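These are my notebook entries on how helices and strands are arranged in one chain. I look at strand pairing, then at helix contacts, and I keep an eye on confidence.

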Amino acid sequence: MRIAAAEVVVTCPGRNFVTLRVTTEDGITGLGDATLNGRELAVEAYLREHVVPLLVGRDASAIEDTWQYLYRGAYWRRGPVTMAAIAAVDTALWDIKARAAGMPLYQLLGGACRVGALAYGHASGRDLPELFDSIRLHLELGFRAIRVQTGIPGLDTVYGVAASAAGGGDRYDYEPARPTALPVEESWDTRAYLRHVPSVFEAVRSEFGPSLPLLHDGHHRMTPIEAARLGKALEPYDLFWLEDATPGEDQAALRLIRQHTTTPLAIGEVFNSIHDYTTLLGERLIDYVRSAVTHTGGVTALKRVLDFAAVYGVKSGMHGPTDISPVGMAAALHLDLAVHNFGIQEYMRHAPETLEVFRTSYTFADGLLHPSDAPGLGVELDVAAAARFPYRAAYLPVNRLADGTLHDW
């Protein structure tokens with residue numbers, strides 16, 4: 001089963017996506033997500049100029065060999081652009097193999113370990129009444145676990161708060177990459193954040209009770225000791241996890257946080273290699289792996305990470321915002337069903353325009369996601385629809401402190 005063609009499709013149905021479409025001589029087509037939020041064209045060029053020419057004529061069934069060929073053969077290993085490109089190829093080849101076999105991908109990965117993947121939704125608000133309304137809405141939608149993000153007194157715009165005003169005053173519905181000529185600059189105050197957040201979780205627990213799983217994303221904005229302080233302050237409210245408490249590239253920082261708090265920790269959405277996790281897993285410094293199929297080298301590589309994590313009792317919590325395309329989301333769901341150490345899956349509904357371009361078959365019901373039993377990933381790309389939504393430059397915002405110092409966003 002040789003590869004006859006490969007093309008890169010860039011489209012913007014609500015936001016930018018990069019998709020690799022691989023077709024075999026038998027006419028079977030597989031899809032892979034290569035979207036890198038705010039840097040999409042870097043991956044598009046990497047695929048088009050350096051990867052696609054290597055694929056034509058290769059055996060589409062030789063997934064592991066192709067992965068090693070692209071990873072080792074380039075000499076320049078790892079990095080978000082390289083690993084997103086490899087992920088797209090790997091996922092497309094798994095899609096092809098499962099379509100050829102006439103079965104859903106999770107069956108080729110060992111079969112289902114559960115009936116569905118527990119998903120968490122994103123609730124947020126500028127104040128408590130708005131936040132409570134958002135939580136109630138997500139519960140009505142069927143979510144059984146909720147991420148809680150809150151406005152901070154004195155700050156106009158805060159990551160993850162849907163009603164915050166964006167640069168032009170438009171509603172900021174979770175999509176941080178905005179179609180502006182330059183990145184939007186936002187203000188940040190860590191001390192105000194640390195003072196405010198525990199009181200919000202106290203109020204949420206008082207309103208919604210002790211059993212609802214609650215999550216929170218620190219989005220890399222704290223130093224290790226600040227993160228330790230927050231984790232300790234949140235212990236009475238029994239969080240499912242505290243995510244990205246501090247920048248993950250300093251793995252030793254998690255040691256200090258772990259020494260001071262028993263709040264479960266999740267990290268990894270900006271990681272792209274199993275080597276990013278060696279210290280964190282080997283020393284049991286985290287509880288959940290946050291990587292995405294799209295950014296970590298594909299199904300092959302992320303399954304390796306999760307198998308490694310299972311040795312240390314660490315569970316999955318795969319990244320699933322709207323800048324992961326429906327192709328990447330579907331790939332994650334097949335892994336969610338197949339791995340034993342599943343924890344939870346992030347889930348944000350894509351825009352209607354996105355679902356015109358990507359025809360999905362995965363479902364969400366009673367708090368659980370299922371990838372469907374359609375052959376392959378269960379996603380189809382409407383190329384004609386994709387052409388109606390041309391690429392638009394968009395940038396992630398940056399944060400500055402009151403004195404003008406650039407801060408982690």
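Which residue in β18 does asparagine 399 stand opposite? I looked this up in the model, which is a predicted one, and I found histidine 407 across from asparagine 399.

Entry on the sheet around that pair. I traced an open sheet of three strands, ordered β6-β17-β18, and I noted that its pairing is mixed. The edges are taken by β6 (185-187) and β18 (406-407), each of which pairs on one side only. Between β17, covering residues 398-400, and β18 I recorded two bridges in the antiparallel sense.

Entry on the other three-stranded sheet. Here I found an open sheet in the order β1-β2-β3, with antiparallel pairing. I wrote down β1 (3-11) and β3 (29-33) as the edge strands; each has a single partner strand, so one side of each lacks a neighbour in the sheet. Averaged over neighbouring strands and with direction ignored, the turn of one strand against the next is 20°. I then followed β1 and β2 (residues 17-24), which pair in the antiparallel sense over eight bridges, and I looked up valine 10, whose bridge partner in β2 is valine 18. I also checked what packs on this sheet, and found that α3 does, touching β1, β2 and β3, with a direction that makes about 150° with that of β3.

Entry on α2 and α3. How do these two helices run relative to each other? The axes of α2 (residues 63-73) and α3 (residues 80-101) come within 10 Å and cross at roughly 165°, which makes α2 roughly antiparallel to α3. I noted the crossing as right-handed. On the α2 side the contact is made by Ile63, Thr66, Trp67, Leu70 and Tyr71, and on the α3 side by Met83, Ile86, Val89, Asp90, Leu93, Trp94 and Lys97. Sorting these contact residues, I have nine nonpolar, one polar and two charged.

Entry on α3 and α10. I next looked at α10 (residues 298-311), whose axis comes within 6 Å of that of α3 and crosses it at roughly 100°; the two helices are therefore roughly perpendicular to each other. From α3 the contact involves Ala87, Asp90, Thr91 and Trp94, and from α10 it involves Gly298, Val299 and Thr300. The division for this contact is three nonpolar, three polar and one charged. Going back over my lists, I see that Asp90 and Trp94 appear in the contact of α3 with α2 and also in the contact of α3 with α10.

Entry on α5 and α6. The axes of α5 (residues 128-140) and α6 (residues 190-208) come within 11 Å and cross at roughly 50°, so I entered these helices as oblique to each other, with a right-handed crossing. I listed Leu128, Leu131, Phe132, Ile135, Arg136 and Leu139 in α5 as meeting Val200, Ala203, Val204, Glu207 and Phe208 in α6. This contact divides into nine nonpolar residues, no polar ones and two charged ones.

Entry on confidence. I looked up the average pLDDT of the chain, which is 94, and noted that 96% of the residues score at least 70. Over residues 165-173, however, pLDDT stays under 50, although the model has 23 contacts there beyond four places in sequence. Predicted coordinates should not be read in detail where pLDDT is low.

Technical notes:
Residues numbered from 1 in each chain as written. Predicted model: local features only at pLDDT ≥ 70, side-chain atom pairs only at ≥ 80, totals over all residues. Heavy atoms only, no water. Axes fitted to C-alpha atoms, helices over the stretch in contact; angles between N-to-C directions. Helix = DSSP H or I, 4+ residues; strand = E, 2+ residues; numbered from the N terminus. Parallel < 35°, antiparallel > 145°, perpendicular 65-115°, else oblique. Left-handed = near helix turned anticlockwise from the far one by under 90°. Contact = heavy atoms within 4.5 Å. Nonpolar A, V, L, I, M, F, W, Y, C, P; charged D, E, K, R; others polar. Pairing = 2+ DSSP bridges. pLDDT = per-residue confidence, 0-100.
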